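Welcome! Take a moment to look over the sequence and the 3D view, and then we can walk through some of the details together.

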Amino acid sequence: GVAVCDVHDHHYRERAWGEGRPLGAKPGKQVVDEKYGNTDCAIYSDYRQLFERQDLDAVMIATPDHWHGIITLAAIESGLDVYCEKPVTHKFAEGQAIYRAVAEKGTVFQVGSQQRSETVFRQAVELIRNGHVGKLSRVEVGLPAGYSAPQGSTEVEEIPEGLDYNAWCGPSPVLPLMKARHHRWWRWHSAYGGGNLMDWIGHHNDIAHWGMGCENSGPVKVEAKGWTWPETNVYDTPVDYEVHCEYEGGMTSVISSSLKKGATWRGENGWVSVDRGKIDASDPALLTEGFDRGEWKAYSSPGHQRNFIDCIKSRKETAAPAENGHRSITPGHLVWVSARLGRSLRWDPNKESVIEDAEATSLLMKLDYRDFG
């Protein structure tokens, strides 16, 4: 059985009405029906009704971030395998709950960090993991800056027919509906997303962690520096930002909007840098065709969605497992707390706990869901 579930039946994302690709439940059904040459695709507006079906094997969750945790946990509880877009969760405690539920239930889970399935990133990670730049000292992760001004109209709108806005807001506050904070642009208010920091950390820091061998661990200290804020109250996520991390053994990382996009690992014998579609190294010989990168091999995936389908059949672990996805964005969850409190946080990556800071722990673990019915 194939079905789509959406609380908005028809829209054009941030575009003017009628421009670009139509989105929402009805256009989604049309795409599926055209692919399979029938009219069998069902439409739901409530994920709970969808999950009651007995003929489903898996679900792809591509909601805004604030819905990821609740829907994912419900899917796992319903016995479904899950592909969930990054960042895997909006709240730290949701991420912990998800990777533990995945382990307990034997769920096949793929985080939509598709760079794990792209050749150039595997190439870079293999060079680092096989020691070609020597002992690592510093890792640099460049992400895009946020928005200082509204990206769409700030005129408060009446809720249009075909949109269940209460359900769209779900566990988060119901903010006045406006284009500048709805489709496409919701991410820049902390009610619904974590800005470009949390949008992109699940991509480039995921690769950085993979190269560092930290995909199931994390830093021992995190501090926010150089954060600037929007000049509008429509958004409340940082424009410019730095995330300073220390790891066991003295390795440091900086995740910042001012660094070159992608991941760069610096070691005692040189550096390797990677971004989408491009790789560079201090020693060009490392990048020559046929170069033997060594014994350690990165997970080889034929493509991110294909890998998910293959793993549903084989019951093997995917290219981007749940805990890897949670760990890659943990510095982002922690740095938000650091920014709010104005101090660095010491972190125990084994216990996943803030050290001797009850106020920080309370903020990190907070699940302030709205009762949305």
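## A buried glutamate and its partner

Let us begin with glutamate 126, which counts as buried at 7% relative accessibility. Here buried means under 20% relative accessible area, exposed means over 50%, and partly exposed lies in between (1.4 Å probe, protein chains only). Glutamate 126 forms a salt bridge with arginine 293, and their closest N and O atoms are 2.8 Å apart. A salt bridge here is a side-chain nitrogen of Lys or Arg within 4 Å of a carboxyl oxygen of Asp or Glu. The pair links distant parts of the chain, 167 residues apart: glutamate 126 sits in helix α5 (residues 119–129), and arginine 293 in the loop between β12 (278–281) and α8. Arginine 293 counts as partly exposed, at 24% relative accessibility.

## About the model

This is a predicted model, in which local features need pLDDT of at least 70 and side-chain atom pairs count only at pLDDT 80 or more, while totals for chains, interfaces and linings use all residues. Residues are numbered from 1 along each chain as its sequence is written, and side-chain values use heavy atoms, with hydrogens and water left out. Helices (H or I, at least four residues) and strands (E, at least two) are DSSP runs, numbered from the N terminus.

## Strand β4 and its neighbours

Which residues of strand β4 (residues 81–84) are buried on each side? Asp81 and Tyr83 are buried on one side, Val82 and Cys84 on the other, and both faces of the strand are covered. In a regular strand the side chains alternate between the two faces of the sheet.

Strands pair if DSSP finds at least two bridges between them. Strand β3 (residues 58–61) runs parallel to β4 and is joined to it by 4 bridges, with methionine 60 opposite tyrosine 83. Strand β5 is also parallel to β4, with 3 bridges joining them, and cysteine 84 stands opposite valine 111 in β5. From β4 the chain crosses through α4 to β5, and this β-α-β crossover is right-handed (with the strands pointing away from the viewer, the path from the first strand over the helix to the second runs clockwise).

## Helices α4 and α8

Helix α4 (residues 92–105) has 14 residues, which should span 20 Å at 1.5 Å a residue, and its end C-alpha atoms are indeed 20 Å apart. The expected span is 1.5 Å times one less than the number of residues. Buried residues in α4 include Phe92, Ile98 and Tyr99. Among the elements covering them are α3 (65–77) and α9 (322–341), where contact means heavy atoms within 4.5 Å. Just after α4, glycine 106 takes a positive phi of about 70 degrees.

In helix α8 (residues 304–314), His304, Asn307, Phe308, Cys311 and Ile312 are buried. Seen down the axis of α8, these buried residues fall within an arc of 140 degrees, so they line one face of the helix. That arc is taken from the directions from the helix axis to the C-beta atoms. Covering the buried residues of α8 are elements including β3, β4 and β5.

## More salt bridges

Right after α8 comes arginine 315, with a positive phi near 65 degrees. The side chain of arginine 315 meets that of aspartate 81 in a salt bridge (2.7 Å, N to O). Aspartate 81 is in strand β4 and arginine 315 in the loop between α8 and α9, 234 residues apart. Aspartate 81 counts as buried at 5% relative accessibility, whereas arginine 315 is partly exposed at 45%.

The salt-bridge count comes to 24. Asp65, Lys86, Arg187 and Asp199 are linked in a network of them.
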